[in-house]
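Colleague: Could you take a close look at the side-chain packing in this model, beginning with the aromatic rings? Please go on from there to the charged contacts and the empty spaces.

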Amino acid sequence: MKHVRHLVGAAAIAAAALTTPASADDLVKMTIGQRGNWDTAVPHLGEKAGIFKKHGLQLEMVYTRGSGETVQPVISGNVDLGLAVGTLGAIGYFAKGAPIRIVAAQATGAADYWYAKSDSGIKSLKDSKGKSIAYSTNGSSTHSMVLAFIKEFKLDVKTVSTGSPPAPLTNVMSGQVDIGWASPPFGLKEMDEGKINLVARGSDTQIVRGQTIRVIIANTDALKNRKDVIRRYMQAYRETIDYMYSTNPQVLTDYAEFARITPEMAKRVREQFFPKSLLQMTEIKGLDQLLKDAVELKYAPKELTKEQVADLIQTSIAK
């Protein structure tokens, strides 16, 4: 079984997309933002547990540093699906004519958080005037959350695209960026050790709280021509979520190995930061506000019509 991990960039993703499956199972190719997060580990844990295999599927996973890198291979048709794509970014790409559709919610509410070096004097966003604040990539959910911070709290900050969580931590500790971002489990060890302190959570903003901030998107041709395959993928994905919140200890063991943390930390991540409701798949919550925010935060030139929204959001395949 072929797996592709830690590859970023168009060339690497295009090369991975040429891989031929070694079995009779249907191959599903996908890009996934932020390797190691609990909510982005669904395909890995489901495959390891044999759930996708049960549905006749073989997975090819390419991990990216954020939505900006996740979406482009879906647009080009090199992969079928893009996971953990910022909802505002997805709306924006669709509004500009990209051949993508939203086929499921991926994260509703936010476990992502922002932090500063403990000796920096930055204890909250009130201390951020003139400082720099990180997000992953343009169009990502962390980008939309930073924009929401700026809008809601009227911040005077410099925004910096840093990619996945290891980069902003290095930048914060070296003084290159004032406020970094992370998603559990990343950064919890450093916080426990007193090296960094919590500055804000993504859910601190009214704009983000309770909204579906990340989605799963499909290439329109893949959705049309491989609808049964994608439907089976969604069934296996849902079964994997149930497995992830079961009493089976193997899932925490597998996640701990995947994220390179202890099983105890894995349990903490699941129980303290990722309620099962965060991974609901069928409803894009806060949609009316998201459509308005997409225009106000300059993701889309104008608000989508009802007909466009019906075309973009095709989550019935996830039910």
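Modeller: Trp38, Tyr245 and Tyr255 come together as one aromatic cluster. The model is a predicted one, and side-chain atom pairs count only at pLDDT 80 or more. Across the structure there are 8 aromatic pairs. One of them joins Trp114 to Phe149 in an edge-to-face arrangement, with 5.1 Å centre to centre and 85° between the planes. Trp114 belongs to strand 5 (residues 113-117) and Phe149 to helix 6 (residues 141-153), so this contact ties together parts that are 35 residues apart in sequence. Trp114 and Phe149 are both buried.

Tyr233 and Tyr237 make another aromatic pair, this one tilted, at 6.0 Å centre to centre and 40° between the planes. Here the partners share an element: they are 4 residues apart in helix 10 (residues 227-244), which means about one helical turn separates them. Tyr233 has 0% relative accessibility and therefore counts as buried. Tyr237 is buried as well, because its relative accessible area is 2% and the limit for buried is under 20%.

A ring also meets a charge. The charged end of Arg35 sits over the ring of Tyr63, at 5.7 Å from the ring centre.

Charged pairs come next. The salt bridges number 16. In one of them the side chains of Asp25 and Lys53 meet, 2.7 Å from N to O. Asp25 is found in the loop between helix 1 (10-17) and strand 1 (26-33), while Lys53 is in helix 3 (residues 51-54), so the bridge ties together parts that are 28 residues apart in sequence. The two ends fall into separate exposure classes: Asp25, with a relative accessible area of 15%, is buried, whereas Lys53, at 47% relative accessibility, is partly exposed.

Helix 3 takes part in another bridge, through Lys54. The closest N and O atoms of Lys54 and Glu239 are 2.7 Å apart. Since Lys54 is in helix 3 and Glu239 in helix 10, this pair ties together parts that are 185 residues apart in sequence. Lys54 is exposed, with a relative accessible area of 57%, and Glu239 is partly exposed, with a relative accessible area of 28%. Helix 10 thus returns here, because it holds Tyr233 and Tyr237 as well as Glu239.

A further salt bridge links Lys195 to Glu193, with 3.3 Å between the closest N and O atoms. Lys195 is partly exposed at 42% relative accessibility, and Glu193 is partly exposed at 42% too. Elsewhere, Asp26, Asp228 and Arg232 are joined into one network by salt bridges that share partners.

That leaves the empty spaces. The largest pocket has about 580 Å³ of space. It is lined by 24 residues, and the closest to its centre are Arg35, Gly36, Pro166, Phe186 and Ala259. Strand 2 (57-64), helix 8 (188-192) and helix 11 (250-259) are the elements that give two or more residues to this lining. By class, the pocket lining has 10 nonpolar, 9 polar and 5 charged residues. Arg35 therefore appears in two settings, close to the pocket centre and, with its charged end, over the ring of Tyr63.

The search also finds 2 cavities of 30 Å³ or more. The largest cavity has about 90 Å³ of space. Its lining consists of 14 residues, with Gln34, Ala84, Ser136, Ser141 and Arg214 nearest the centre. This lining divides into 2 nonpolar, 10 polar and 2 charged residues.

The second largest cavity has about 70 Å³. Among the residues that line it are Thr87, Leu88, Ser144, Ala148, Ile207 and Asp293. Helix 5 (87-95), helix 6 and helix 13 (287-296) each supply at least two lining residues. The classes here are 6 nonpolar, 3 polar and 1 charged. Helix 6 contributes to this cavity lining, and Phe149, the partner of Trp114, is in helix 6 as well.

Conventions
Residues are numbered from 1 along each chain as its sequence is written. Side-chain values use heavy atoms; hydrogens and water are left out. On a 1 Å grid over the protein atoms alone, a cavity is a set of points where a 1.4 Å probe fits but cannot get out, and a pocket is an open set with protein on both sides within 12 Å along at least five of seven lines; lining residues have an atom within 4 Å of a point. Grid points are joined across faces, edges and corners, and a volume is the space filled by probe spheres set on the points. Ala, Val, Leu, Ile, Met, Phe, Trp, Tyr, Cys and Pro count as nonpolar, Asp, Glu, Lys and Arg as charged, and the others, Gly among them, as polar. Rings of Phe, Tyr and Trp (its six-membered ring) pair if their centres lie within 6.5 Å; planes under 30 degrees apart count as stacked, over 60 as edge-to-face and the rest as tilted. Buried means under 20% relative accessible area, exposed over 50%, partly exposed in between (1.4 Å probe, protein chains only). A charge sits over a ring if NZ of Lys or CZ of Arg is within 6 Å of the ring centre and within 35 degrees of the ring normal. A salt bridge is a side-chain nitrogen of Lys or Arg within 4 Å of a carboxyl oxygen of Asp or Glu.
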